[in-house]
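Please open the structure in your viewer and keep the selection tool at hand. The tour below moves from one selection to the next and says what is found at each stop.

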Amino acid sequence: MMLRLAYGSLIARALTVAMTIIAIALSVALFLGVEKVRTGAKASFADTISGTDLIVGARSGSVQLLLYSVFRIGNATNNLTWESYQDIANRSEVDWIVPISLGDSHRQFRVMGTTSAFFERYKYRSGQSLTMKEGAAMSDLFDTVIGADVAATLGYEIGDPIVVAHGLASFSNHDDQPFRVSGILEKTGTPVDRTVIVSLQAIEAIHVDWQTGARIQGQTTPVDVIRKMDLTPTAITAALVGVKGRFQIFGLQRAINEYTEEPLLAILPGVALQELWQIVGIAETALIGVSGMVVVTALIGMMATIFSSLNERRREMAIYRAMGAKPRVIVSLLVLEAALMAAIGALLGLALLYIGLWLAQPLVDQAFGLWLPIEAPSMREFWVLIGVIIAGAIVSMVPAIRAYRMSVADGMMVRI
Amino acid sequence: MSKDTSILTLKDVRYRWSGRASFELSVPQFSVNRGETVLLLGESGSGKSTLLSLICGTIIAQNGIVDVGGTDIGALSARERDQFRAEQIGLIFQQFNLLPYATVLDNILLPLRFAKSRRQAVPSPNAMASQLCDELGLPSDVIHARAGTLSVGQQQRVAAARALIGNPPLIIADEPTSALDAATQLTFLKLLFDQSRQHDTTLLMVSHDARLADQFDRVVKMSDVAENKRETT
């Protein structure tokens with residue numbers, strides 16, 4: 001009955017109560033949303049690459065190497081010569097090695113030259129392999145396999161021609177050597193979705209008539225001549241390496257880092273991911289802090305609402321007192337009311353979160369390559385909701401204590 | 001007036017409001033017998049509200065004894081007084097008696113929530129509430145309506161039903177008719193008398209309206225039982 005009366009009282013003040021609840025709901029949705037993005041980002045981040053023991057590139061920072069080789073963010077400052085690559089590949093510890101050559105683009109997507117081994121060796125989400133949605137891996141020199149996002153964004157289908165642009169944001173196209181889409185990959189939620197994959201030789205082929213970043217004037221080598229040329233690259237951007245035994249990882253890493261012919265860097269992807277996450281983590285903490293404060297603000301807003309409602313509700317409290325309700329009942333009624341508001345707000349916030357997720361999931365995925373899973377609330381989220389309800393009840397103690405004093409002073413004789 | 005026939009006795013009571021405008025009320029002797037209907041007549045400012053608060057135990061006299069049904073409520077703790085009020089006294093105010101957002105039924109049943117013995121006296125509360133509404137001349141469909149949607153006259157009847165439910169020995173009505181027009185006043189009083197007799201309840205009504213006097217067993221003037229002093233500092 002008391003619950004029903006508290007509910008009725010809330011309904012009677014529907015407008016202010018609704019505003020308060022909406023404020024709580026939005027803040028809870030924001031908080032949970034930030035949590036969701038954070039955990040989603042962390043998971044999707046850690047899932048980007050697995051099964052690779054070392055990433056090798058020219059000497060720079062480990063985070064930088066990870067960023068350009070795996071996330072295709074930023075650029076390599078230097079290349080890795082083909083000779084060094086061969087040296088590493090021939091070492092006894094190396095089980096497999098996949099070269100990566102970056103630098104060109106197609107529309108907003110990066111072009112990556114590699115070998116067919118990439119499709120076997122690149123793993124994501126704890127050992128999942130890339131799978132073809134349509135078509136097959138490159139069989140011709142000018143074949144390309146495109147990621148799911150590339151296909152979706154640009155509307156490409158098997159057999160469509162693609163012209164690769166030189167550099168990343170450039171007006172000069174490799175338009176005399178168009179590629180043909182031979183395969184489209186399944187969506188992975190990794191940067192591979194946003195990559196145009198060609199063979200290592202193709203990267204060389206399209207640069208035959210180029211020198212130091214510019215087209216050699218008047219020179220166009222016909223395609224059939226190119227096909228007969230030796231297209232072994234002179235340099236690549238990075239290489240993914242797998243070792244034969246786990247214990248050889250560190251030995252190989254040291255060997256590469258101490259390689260005398262060229263300054264090289266070998267990194268453990270997991271460690272570099274951790275390092276990178278620590279950098280991102282500061283923003284993450286700040287984000288949690290801010291969204292936490294939004295929740296606190298909403299709860300204080302609720303406290304203010306309850307405070308301002310006290311005066312108009314003196315009559316109501318006097319009626320309870322006249323009926324023999326102890327002042328304690330009045331306090332618990334207000335606390336119950338606040339908890340009810342917080343609970344409705346929290347649940348509404350949860351609903352908002354799921355609606356938001358449902359709406360934003362494809363957009364976020366497309367824009368950031370971040371896959372936010374829609375799943376049942378985690379224990380953590382559950383505790384956040386419980387916490388909001390408890391905090392709401394605690395916060396309402398302040399106006400409730402005032403109401404207690406008022407009702408003791410007023411008794412049951414309020415003249416309004 | 002022996003103890004078993006009086007439901008309410010005030011003896012040598014003195015109460016002093018402290019504050020900027022201090023006000024002192026003293027009641028040397030006032031009592032109401034069981035089953036009586038008493039009208040306490042007084043102008044506004046005569047200390048009626050203070051007297052009622054004393055009887056209901058929301059304030060405590062500095063001196064004297066306030067005895068309700070054989071219990072000195074001055075000797076009770078605040079919690080016990082609240083409990084005691086819930087059990088012993090049905091209250092009807094001048095206006096705004098009801099929780100406007102709650103249904104008529106919930107309003108009538110509200111005192112039972114706080115008074116155990118009154119709840120035990122009513123085996124089937126919903127049926128009892130309907131019966132009271134019926135006896136007080138309220139339409140039967142009104143019971144599930146929100147109290148705020150009722151007319152003032154109907155609201156006062158609901159307040160009467162709420163005061164009567166569970167048969168508290170004493171009903172105190174504080175100007176219950178002043179918000180009603182003359183015709184409705186008489187009907188309301190008649191219903192209230194009928195019901196309090198039927199439920200064997202004592203009725204103490206406070207009013208400034210002397211025209212109602214002939215309806216009651218006894219009329220007491222506020223100025224005869226109490227004296228008050230005002231001093232503004």
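The stops that follow go from the whole model to its interface, and then to single residues and pairs.

**The model as a whole**

Before selecting anything, bear in mind that this is a predicted model, with scores of ipTM 0.83 and pTM 0.68. For chain B the mean pLDDT is 83, and 95% of the residues in that chain reach 70 or more.

**Chain B**

Select chain B and show it as a cartoon, in which eight helices and 10 strands can be traced. Of its 233 residues, 55% are buried, while the chain as a whole exposes about 10,000 Å², with carbon and sulfur atoms supplying 49% of that area. If you look at contacts in chain B between residues at least 6 apart in sequence, 76% of them join residues at least 24 apart.

Now narrow the selection to helix H3 of chain B, residues 104-114, where 10 of the 11 residues are buried, so the helix is largely enclosed by the rest of the structure. Among the buried residues are B:Val104, B:Asp106, B:Asn107, B:Pro111 and B:Phe114.

**Where the chains meet**

Bring chain A back into view and look at its boundary with chain B, where 24 residues of chain A are in contact with 28 residues of chain B. About 2,500 Å² is buried between the two chains, and carbon and sulfur atoms give 64% of this area. Two salt bridges are found across this interface; to see a salt bridge between the chains, select B:Asp82 and A:Arg321, whose closest N and O atoms are 2.9 Å apart.

**A nonpolar patch on chain A**

Next, select A:Leu15, A:Met19, A:Ile22, A:Leu26, A:Leu348 and A:Leu352, which together make a nonpolar surface patch of about 580 Å². Helix H2 (14-46) and helix H12 (327-368) of chain A are the elements that give two or more residues to this patch, and the largest share, four residues, comes from H2 of chain A. Within that helix you can pick out A:Leu26, which is exposed, its relative accessible area being 51%.

**Salt bridges within chain A**

Stay with helix H12 and select A:Glu337 together with A:Arg13, a salt bridge in which the closest N and O atoms are 3.1 Å apart. This pair links distant parts of the chain, since A:Glu337 is in H12 whereas A:Arg13 is in the loop between helix H1 (2-12) and H2, 324 residues apart. Buried or exposed, what are A:Glu337 and A:Arg13? Both A:Glu337 and A:Arg13 are buried.

For a further pair, select A:Asp193 and A:Lys187, whose side chains meet in a salt bridge at 3.7 Å, N to O. Here A:Asp193 is buried, at 1% relative accessibility, whereas A:Lys187 is partly exposed, at 33%. Returning to the earlier pair, you can add A:Arg313 and A:Glu316 to A:Arg13 and A:Glu337, because salt bridges that share partners join these residues into one network.

**Two arginines with positive phi**

Finally, select A:Arg72, in the loop between helix H3 (62-71) and strand S2 (80-81) of chain A, where phi is near 55°, a positive value in a residue other than glycine. A:Arg72 counts as buried, at 8% relative accessibility. Then move to A:Arg107, in the loop between strand S3 (94-106) and strand S4 (109-114) of chain A, which has a positive phi of about 50° although it is not a glycine; A:Arg107 is exposed, with a relative accessible area of 56%.

Terms used:
Residues are numbered from 1 along each chain as its sequence is written. Chains are lettered from A and ligands numbered from 1 in the order in which they are written. This is a predicted model: local features need pLDDT of at least 70, side-chain atom pairs count only at pLDDT 80 or more; totals for chains, interfaces and linings use all residues. Side-chain values use heavy atoms; hydrogens and water are left out. pLDDT is the predictor's confidence in each residue, from 0 to 100. Buried means under 20% relative accessible area, exposed over 50%, partly exposed in between (1.4 Å probe, protein chains only). Patches are made of residues with over 30% relative accessible area and no salt bridge: like charges are joined within 9 Å, nonpolar side chains (Val, Leu, Ile, Met, Phe, Trp, Tyr) within 5 Å. Accessible areas come from the Shrake-Rupley method with a 1.4 Å probe; for residues, only the protein chains shown count as cover. A salt bridge is a side-chain nitrogen of Lys or Arg within 4 Å of a carboxyl oxygen of Asp or Glu. Contact means heavy atoms within 4.5 Å. Buried area is the accessible area (1.4 Å probe) that two parts lose on being put together, summed over both.
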